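Me: I have a protein with a bound ligand on my screen. How do I read the binding site?

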Amino acid sequence: MNTDAQVVYLNGEYKAIEEAYVSVLDRGFLFGDGVYEVIPAYGGHLLRLEEHLQRLQNSLDGIRLKNPLTNQAWETMFNSLIKKNVGDDQYLYVQITRGVAPKRDHNFPDHVHQTVFAMSNVLPAVPRAESEKGIEAVTLDDIRWHACNIKSTALLANTLLRQQATDKGAGEAILIRDGLATEGSASNVFVVIDGVVVTAPTSPLLLPGITRDLVLELANTHDIACQQRDITEAELRTASEIWITSSTREILPVLKLDGKAVGDGVAGPVWQRMIDIYQQYKQQLREGRA
Ligand code: PDD
């Protein structure tokens with residue numbers, strides 16, 4: 001099947017999105033009690049599947065949920081979902097919640113029947129000329145909890161922060177905690193300082209982005225100097241380049257921060273080099289060579 005009607009996966013079954021329902025007693029609905037992943041697929045090839053599945057396992061462990069499927073079963077399901085839906089490039093969304101309990105109760109239910117949901121959507125190709133235009137970002141206080149390494153569906157703080165950025169005409173909020181830039185509301189943050197690419201080290205204060213790791217790996221193999229270390233707010237404000245990275249936005253240059261030009265106010269030379277390398281990697285993946 002490969003029609004325009006979106007087909008999703010819910011608890012072992014494939015169905016039209018209009019026919020996929022979960023109970024109002026689902027703890028994902030009542031408490032945001034679940035975890036998720038977003039995995040891009042280029043030309044039907046899943047990007048960094050093993051790393052995404054490992055992060056999913058870490059998130060499940062972090063909220064004390066069992067992994068409902070084996071890695072082989074996840075891969076088979078993801079591949080069927082991609083085939084059942086349209087788009088040369090797609091991104092998979094998968095979420096697992098603690099499921100339906102007999103009544104609303106903060107305590108975990110005695111018998112957990114997890115809800116497993118996945119869908120795939122078109123990942124539109126962004127032309128180079130478009131990504132070069134970059135985005136504006138604003139800095140906001142990181143008001144989130146101290147377990148941001150868990151990819152939890154409880155994203156209220158993230159959505160409030162993103163909306164605040166949008167309300168100010170910006171494309172992302174860069175979050176500051178104790179004087180340090182942690183990450184974006186839905187992305188990781190990189191800066192370029194004296195030609196060196198810098199991103200914050202992984203910790204419970206940020207999500208270990210798969211794109212982040214890939215960028216670091218590609219930078220290393222292409223002899224682009226990079227460091228994982230704390231980024232102070234002052235460094236963020238004086239960096240010659242700022243980028244955000246995520247599975248869906250790839251690598252985007254931030255050209256204005258809090259209304260002030262970043263560097264020369266255009267996509268910088270290190271970003272230009274990095275995005276070429278990233279696109280090359282994607283192309284290899286599409287051809288089954290990565
Ligand atoms: N979010 N940090 C946060 C808070 C995020 O929500 C995301 C991605 C990232 C980047 O991670 P990755 O490179 O693995 O996509 C960092 C996804 C795309 C989302 O919530 O839709």
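Reply: We will go through the ligand site, one feature at a time. Keep in mind that this is a predicted model.

Me: Which residues are closest to the ligand?

Reply: Start with the shell, the residues with a heavy atom within 4 Å of the ligand. Here 20 residues surround the ligand. The closest are Tyr 36, Arg 55, Glu 183, Thr 211 and Ser 247.

Me: What is the shell made of, in nonpolar, polar and charged residues?

Reply: Sort the shell by residue class. This one has five nonpolar, eleven polar and four charged residues.

Me: Where in the fold do shell residues come from?

Reply: Trace them back to the secondary structure. Strands S3 (34–42), S9 (180–184) and S13 (241–246) each give at least two, and so does helix H6 (210–221). Then check the domains. Domain 1 (7–122) and domain 2 (128–286) each contribute at least three shell residues.

Me: Which side chains have an N or O atom paired with a ligand atom?

Reply: Look for N or O pairs within 3.5 Å. The side chain of Arg 55 has an N or O atom 2.8 Å from a ligand oxygen. For Glu 183, the side-chain partner is a ligand nitrogen, at 2.6 Å. The backbone takes part too: a polar backbone atom of Ile 210 is 2.9 Å from a ligand oxygen.

Me: How much of the ligand does the protein bury?

Reply: Compare the ligand alone with the ligand in place. Alone, the ligand exposes 470 Å², and the protein buries 89% of that. The space the ligand takes is the largest pocket.

Note on methods: Residues numbered from 1 in each chain as written. Predicted model: local features only at pLDDT ≥ 70, side-chain atom pairs only at ≥ 80, totals over all residues. Heavy atoms only, no water. Polar contact = N/O pair within 3.5 Å; in protein donor to acceptor, adjacent residues only side chain to side chain. Areas by Shrake-Rupley, 256 points an atom, 1.4 Å probe, with all protein chains shown as cover. 1 Å grid on protein atoms, 1.4 Å probe; cavity = no way out; pocket = protein on both sides within 12 Å on 5 of 7 lines; lining within 4 Å. Sits in = over half its atoms within 2 Å of the grid points. Helix = DSSP H or I, 4+ residues; strand = E, 2+ residues; numbered from the N terminus. Nonpolar A, V, L, I, M, F, W, Y, C, P; charged D, E, K, R; others polar. Domains from an automatic or database assignment.
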